[in-house]
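Work through the exercises below with the sequence and the model open. Try each task before reading its solution.

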Amino acid sequence: RRLDILQGTLHLESSYVMAGDSSYHTVVNRDGSHGQLSVEGTATLDGGLAVSKGPGLFFNGMTYDILTADRVQGEFASVVLPAPKKLLSFGLRQSSDRVQVVTRAKSFTAAATDPVEMAVAEYLDRIQYTVSGDLLGILAQIQDLEDSEFGQAFHSLSPYSYDQYTTASIIGAQQNVRSVQH
């Protein structure tokens, strides 16, 4: 048996016993929304838990109460969280009355390897809480990159890259003018 709560809350007005061969699947989203199982009484855990990540830029320390109950006993036999990346990972925290998913988001500077990348990463760290639209989507994509992809991403956002392109264009234009003059 599989219980999918991808958004909103499924509220049970009685205790709940999860079978060892069952699973609970939920999604956590950037905006704080998530699926939740709410139990009046005792939630006895067993079986599997699978958590998926919705799109968007996640901040450090976001918490999602994916299960609440008057009392939680036992634990999930298996847990699958979103795959950890260099800048973002997820953890599971269980207490006597809830199970939470917690985000662990690192600074963009954690992925920078040279001065140009560091300058871009520091700027992204400063603006990440206030951006919207396409730039917010770009920051989310950067947060989800593999280790080998950060250098190219940071350099593509650097004014230095555009300066080099402009310089090369000007030099090319000057050479064309000289060749026409001679």
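**Exercise 1. The sheet**

Task: Give the strand order of the open four-stranded sheet and the sense of its pairing.

Solution. The model is a predicted one. Its open sheet of four strands is ordered E1-E4-E6-E8, and the pairing is parallel. Next, find the edges. Strand E1 (2-5) and E8 each have a single partner strand, so each has one side without a neighbour in the sheet. Then take the twist. Ignoring direction, neighbouring strands in this sheet are turned by 15° against each other on average.

**Exercise 2. Register along the sheet**

Task: Which residues stand opposite each other where E1 meets E4, where E4 meets E6, and where E6 meets E8?

Solution. Step 1: start with E1. It pairs with strand E4 (residues 23-28) over four bridges, in the parallel sense. Leu-3 has Tyr-24 in E4 as its bridge partner. Ile-5 stands opposite Thr-26 in E4.

Step 2: cross to the next strand. E4 and strand E6 (residues 48-53) run parallel and are joined by six bridges. Ser-23 faces Gly-48 in E6. Thr-26 has Val-51 in E6 as its bridge partner. Thr-26 also stands opposite Ile-5.

Step 3: finish with E8. Three bridges pair E6 with E8, again in the parallel sense. Here Ala-50 is matched with Val-80 in E8.

**Exercise 3. Burial of E4**

Task: How many of the six residues of E4 are buried?

Solution. Recall the cut-off: a buried residue has under 20% relative accessible area. Five of the six residues of E4 are buried. E4 is therefore largely enclosed by the rest of the structure. For the whole chain of 182 residues, the buried share is 40%.

**Exercise 4. Layout of the chain**

Task: State how many helices and strands the chain has, and the order in which they come.

Solution. Count the elements: there are four helices and 10 strands. Now read from the N terminus. The order is β-β-β-β-β-β-β-β-β-β-α-α-α-α. Then check the contacts. Of those between residues at least 6 apart in sequence, 70% join residues at least 24 apart.

**Exercise 5. Salt bridges**

Task: How many salt bridges does a search of the whole structure find? Describe the pairs formed by Asp-4, Glu-146 and Arg-98.

Solution. The search finds four salt bridges.

Step 1: Asp-4. Its side chain meets that of Arg-2, with N to O at 2.7 Å. Asp-4 is partly exposed, at 41% relative accessibility. Arg-2 is exposed, with a relative accessible area of 55%.

Step 2: Glu-146. Its salt bridge is with Lys-85, and the closest N and O atoms are 2.5 Å apart. This pair links distant parts of the chain, 61 residues apart. Glu-146 is in the loop between H2 and helix H3 (150-157). Lys-85 is in the loop between strand E8 (78-80) and strand E9 (88-94). Glu-146 is partly exposed at 42% relative accessibility. Lys-85 is partly exposed too, with a relative accessible area of 22%.

Step 3: Arg-98. Its side chain forms a salt bridge with that of Asp-97 (3.3 Å, N to O). Arg-98 is partly exposed at 25% relative accessibility. Asp-97 is partly exposed, with a relative accessible area of 27%. Now look for shared partners. Asp-65, Asp-97 and Arg-98 are joined into one network by salt bridges that share partners.

**Exercise 6. The surface**

Task: What supplies 51% of the area that the chain exposes, and which residues make the nonpolar surface patch of about 200 Å²?

Solution. Step 1: take the total. The chain exposes about 10300 Å², and carbon and sulfur atoms supply 51% of it.

Step 2: find the patch. Leu-135, Ile-138 and Leu-157 make this nonpolar patch of about 200 Å².

Step 3: place one member. Leu-135 lies in helix H2 (residues 133-143).

Step 4: test Leu-135 against the patch cut-off. A patch residue needs over 30% relative accessible area. Leu-135 has 33% and is partly exposed.

Note on methods. Residues are numbered from 1 along each chain as its sequence is written. This is a predicted model: local features need pLDDT of at least 70, side-chain atom pairs count only at pLDDT 80 or more; totals for chains, interfaces and linings use all residues. Side-chain values use heavy atoms; hydrogens and water are left out. Helices (H or I, at least four residues) and strands (E, at least two) are DSSP runs, numbered from the N terminus. Buried means under 20% relative accessible area, exposed over 50%, partly exposed in between (1.4 Å probe, protein chains only). Contact means heavy atoms within 4.5 Å. Accessible areas come from the Shrake-Rupley method with a 1.4 Å probe; for residues, only the protein chains shown count as cover. Patches are made of residues with over 30% relative accessible area and no salt bridge: like charges are joined within 9 Å, nonpolar side chains (Val, Leu, Ile, Met, Phe, Trp, Tyr) within 5 Å. Two strands pair if DSSP finds at least two bridges between them. Axes are lines fitted to C-alpha atoms, for helices over the stretch in contact, and angles run from 0 to 180 degrees between N-to-C directions.
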